[in-house]
Structure formats: C-alpha cells, structure tokens
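Look at the sequence and the 3D structure below. The text after them goes from one residue to the strands around it, and then to the protein as a whole.

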Amino acid sequence: MKDKRIIVGILVLFGILAGSYFFKGQITPTNTQTQNSQTAQPASSNTRTLNGNIREFRVIGKNFAFTPTEMRVKKGEIVRVIFDNTEGFHDFRVDGYNVGTKQIYEGSTEAVEFTANQTGSFEYYCSVGQHRQAGMKGTLVVE
C-alpha cells in the first residue's frame, strides 16, 4: 500500500512538472529587432519614415481589432510593419503581398517587411480562428 502511494506521488509530481514545462514554453514571448528610433522622422503616432523610402508602421493587435485600420504608402516604398500584440493570441497577414507574422501571444512583437510593388487596396487581417470575420482587419492602400 505504501509503495502505491509513493508511485502515485511521483506520477503526480511528474505531471505537475511536465505541465509547467509545457505551458511555460507556450507563453514565452517572441521578440524581433526594430530600427533604431534615432534615425526616424515621425509621421504620426504609428508611422515613421526611415532612410527616405522605408515606411514603418506600428500595428497594435487586441481582441478583435487592429490599430491603425488603414495604412497608406507609395508604390516602390519598403513597408515595415511592427506588430505588437497587446491582448490575446494573434498574427498579422497581407495575402496580396504574401507576408505575415507568426501567431504570437499577448505581450509579444513580430515584424514583417516587403516592397509595395503593386498599387491597390489590400486587406490585412488576423488569421487565427474567426478573428478576421469578427472585425480584426484593416486596409493597406498602395498609391
């Protein structure tokens, strides 16, 4: 009887440790490098122009919205999107340019960069579950 209690205790301890390890690995934030802010000219609170033809946008993701909901660039500009997830589990995607971040947890940041080489309006959105249908989307306008 005593041996069974010891075995059960060891199994319970192992389960707690394994669960802790699993969940810790799931919540670890992912960080990316960002451009040094000393080289930037502020254009608005979420937009900067870097080195003449790089437009950087800081996009905030939360349940279930992006801020800003519109980004405007000129054809030929390099677009850098710094995606800050402030609530929930999200990503940032633009199918028209075949770019997107990894799916990240609250408190994490990811970045994508591409050249705006085609004019038009392109929807950006979160591809997690039904987030896009719930309104987590915006428009990239390339003029």
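Does His131 count as buried or exposed, and at what relative accessibility? The structure is a predicted model, in which local features need pLDDT of at least 70 and side-chain atom pairs count only at pLDDT 80 or more, while totals for chains, interfaces and linings use all residues. Residues are numbered from 1 along each chain as its sequence is written, and side-chain values use heavy atoms, with hydrogens and water left out.

His131 counts as buried because its relative accessibility is 13%. Buried means under 20% relative accessible area, exposed means over 50%, and partly exposed lies in between (1.4 Å probe, protein chains only). His131 sits in the loop between E12 and E13. Strands such as these (E, at least two residues) and helices (H or I, at least four) are DSSP runs, numbered from the N terminus.

What does His131 touch? Contact means heavy atoms within 4.5 Å. Apart from neighbours within four places in sequence, His131 is in contact with Phe64, Phe89, His90, Cys126 and Met136. With one of these, His90, there is a polar contact between the two side chains, at 3.0 Å. A polar contact is a pair of N or O atoms within 3.5 Å; within protein, one must be able to donate a hydrogen and the other to accept it, and residues adjacent in sequence count only if both atoms are side-chain atoms.

The strands on either side of this loop, E12 and E13, run antiparallel and are joined by 6 bridges. Two strands pair if DSSP finds at least two bridges between them. Gly120 has Val142 in E13 as its bridge partner. E12 also pairs with strand E8 (residues 93-94), in the antiparallel sense, over 2 bridges. Here Val94 stands opposite Tyr124 in E12.

Val94 leads on to the largest nonpolar core, a set of buried Ala, Val, Leu, Ile, Met, Phe, Trp, Tyr and Cys residues joined through side-chain atoms within 4.5 Å. This core has 23 residues, and Val59, Phe66, Met71, Phe92, Val94, Tyr97 and Leu140 touch the most other members. E6 gives the most to the core, with 3 residues. Not counting residues up to four places away in sequence, Phe66 touches twelve residues' worth of surroundings that include Val59, Phe83, Phe92, Tyr124 and Met136.

Taken whole, the protein has 1 helix and 13 strands. Of its 143 residues, 34% are buried.
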